[in-house]
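Here are some worked exercises to try with a viewer open. Have a go at each task before you read its solution.

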Amino acid sequence: MSIILWNNQLINEEEINISKEDRGYQFGDGIYEVIRVYDGSMYTAKEHIDRLYESADKIRLIIPHTKDVFHKMMYDLIEANEVVTGQVYVQVTRGVSARQHQFPSPSVECVITAYTKEVARPVTQMANGVSAKTVEDVRWLRCDIKSLNLLGNVLAKQEAHDEGCFEAVLHRGDVITEGSSSNMYGVRGGVLYTHPATNYILNGITRRVILECCEEIGLPVVEEAMSLTNLYDHEEFFMSSTTAEILPIIMIDRKPIGTGLPGSWTTKLQAAFEAKINKAVLA
Ligand code: PDD
């Protein structure tokens, strides 16, 4: 049986009692994070918790704990469930209140829910690569907020899955933004391109680690959006996220990227990323 965090308490999963009037349930009025667990400890926990608090600020939601207390809550949850290789999912909603669009007044306590799960590293996809489908990005204009409102992302991912693809490459017109649940990168002429961290994308924690890895392996980075028009001019393409790590994208819309095999820069980045995980786990 799994232990979950519900507000301030660790309880058995069956004991949770989510209200029908939780604003997360009714409006998607809340925020979330997914944090990787390697060898029983959280990877880049500080960065994820900082981003959660930033998302909270951006939607004017108050989390009534210090970041240190919040970190300890996640730590205790992982320990209680004895997670080895997995993830923590945590969400915070604006709380329970009779349904009305504006914020509850007087304000109510937020609702925090978190659970853990064993999630294997996607080693086969990391080695072989995956395929993707281009999908128009019809999401709202605050994709920098890790909001519970994921309908645009869900519909895009489904469209990709319907075609047997692993991920959607989202684009606003000719401009490639990111994936439905990942960031996107291309390598062209020995330079890495990725959308700048604006309101059009979520600034992935994995993305930030990858940009450090680029510096370490001597791959120049240009934070400039790629265009659909020159999509196939890229020799390499890949995606990143907390759970997926770095996955080569070898086909887009059934056409190969480069040689149709994972590229050498992508493989080097995977190795640099792996070294960072190992260093963090040993620390
Ligand atoms: N998604 N962009 C979007 C839209 C995402 O949903 C995610 C992550 C990312 C990558 O961010 P990070 O490297 O911090 O995981 C980019 C998570 C994993 C999810 O919703 O499951």
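## Salt bridges across the chain

Let's begin with one acidic residue: Glu274 has a relative accessible area of 27%, so it is partly exposed. Keep in mind that this is a predicted model.

**Exercise 1.** Find which residue forms a salt bridge with Glu274, and work out which parts of the chain the pair ties together.

*Solution.*
Step 1. Recall the general idea: side chains of opposite charge can pair when their charged atoms come close.
Step 2. Look for the partner. Glu274 forms its salt bridge with Arg121, and the closest N and O atoms are 3.0 Å apart. The cut-off for such a pair is 4 Å, from a side-chain nitrogen of Lys or Arg to a carboxyl oxygen of Asp or Glu.
Step 3. Place both ends. Glu274 sits in helix 7 (residues 264-282), while Arg121 sits in the loop between strand 6 and helix 4 (123-128), so the pair ties together parts that are 153 residues apart in sequence.
Step 4. Put the pair in context: a search of the whole structure finds 19 salt bridges.

**Exercise 2.** Trace the network that contains Asp137, Arg139, Arg172 and Glu178, and decide whether Asp137, Arg139 and Glu178 are buried or exposed.

*Solution.*
Step 1. Start with Arg172 and Asp137, whose side chains meet in a salt bridge at 3.8 Å, N to O. Arg172 belongs to strand 8 (residues 167-172) and Asp137 to the loop between strand 7 (130-136) and helix 5, and the two residues are 35 apart.
Step 2. Check the cover of Asp137: its relative accessible area is 4%, so Asp137 is buried.
Step 3. Go on to Glu178 and Arg139, which form a salt bridge with their closest N and O atoms 2.8 Å apart. Here Glu178 is in strand 9 (residues 175-179) and Arg139 is in the loop between strand 7 and helix 5, 39 residues apart.
Step 4. Check the cover again. Glu178 has 4% relative accessibility and counts as buried, and Arg139 is buried too, at 11%.
Step 5. Join the pieces: salt bridges that share partners link Asp137, Arg139, Arg172 and Glu178 into one network.

## The six-stranded sheet

**Exercise 3.** Work out the strand order of the open sheet, and say which strands stand at the edges.

*Solution.*
Step 1. Remember that strands of a sheet pair through backbone hydrogen bonds, either parallel or antiparallel.
Step 2. Read off the order. The open sheet has six strands in the order 2-1-6-5-3-4, and the pairing is antiparallel.
Step 3. Find the edges. Strand 2 (9-12) and strand 4 (41-42) each have a single partner strand, so one side of each is left without a neighbour in the sheet.
Step 4. Add the helix. Helix 3 (residues 67-81) packs on the sheet and touches strand 1, strand 2, strand 3 (30-38), strand 4, strand 5 (86-93) and strand 6; the direction of helix 3 makes about 40° with that of strand 6.
Step 5. Inspect one pairing in detail: strand 1 (residues 3-6) and strand 6 (residues 111-118) pair antiparallel over two bridges, with Trp6 opposite Thr113.

**Exercise 4.** Explain why strand 3 is described as largely enclosed, then name its partners.

*Solution.*
Step 1. Count the buried residues. Nine of the nine residues of strand 3 are buried, so strand 3 is largely enclosed by the rest of the structure.
Step 2. Sort the directions. Gly30, Tyr32, Val34, Arg36 and Tyr38 point one way, and Ile31, Glu33, Ile35 and Val37 point the other way.
Step 3. Take the two partners in turn. Strand 5 runs antiparallel to strand 3 and is joined to it by eight bridges, one partner pair being Ile31 and Val92. Strand 4 pairs with strand 3 in the antiparallel sense over two bridges, and Tyr38 stands opposite Ser41.

## Backbone exceptions

**Exercise 5.** Find out what is notable about the backbone at Asp39, Arg60 and Pro106.

*Solution.*
Step 1. Set the baseline: most residues other than glycine have a negative phi, and most peptide bonds are trans.
Step 2. Take Asp39, in the turn of the hairpin formed by strand 3 and strand 4; its phi is positive, about 50°. Asp39 counts as exposed at 55% relative accessibility.
Step 3. Turn to Arg60, in the loop between helix 2 (45-58) and helix 3. Its phi is a positive value near 60°, and Arg60 is exposed, at 64%.
Step 4. Finish with Pro106, in the loop between strand 5 and strand 6. A cis peptide bond joins Ser105 to Pro106, with omega about 0°.

Notes: Residues numbered from 1 in each chain as written. Predicted model: local features only at pLDDT ≥ 70, side-chain atom pairs only at ≥ 80, totals over all residues. Heavy atoms only, no water. Pairing = 2+ DSSP bridges. Helix = DSSP H or I, 4+ residues; strand = E, 2+ residues; numbered from the N terminus. Contact = heavy atoms within 4.5 Å. Axes fitted to C-alpha atoms, helices over the stretch in contact; angles between N-to-C directions. Buried < 20%, exposed > 50% of the residue type's maximum accessible area, 1.4 Å probe, protein only.
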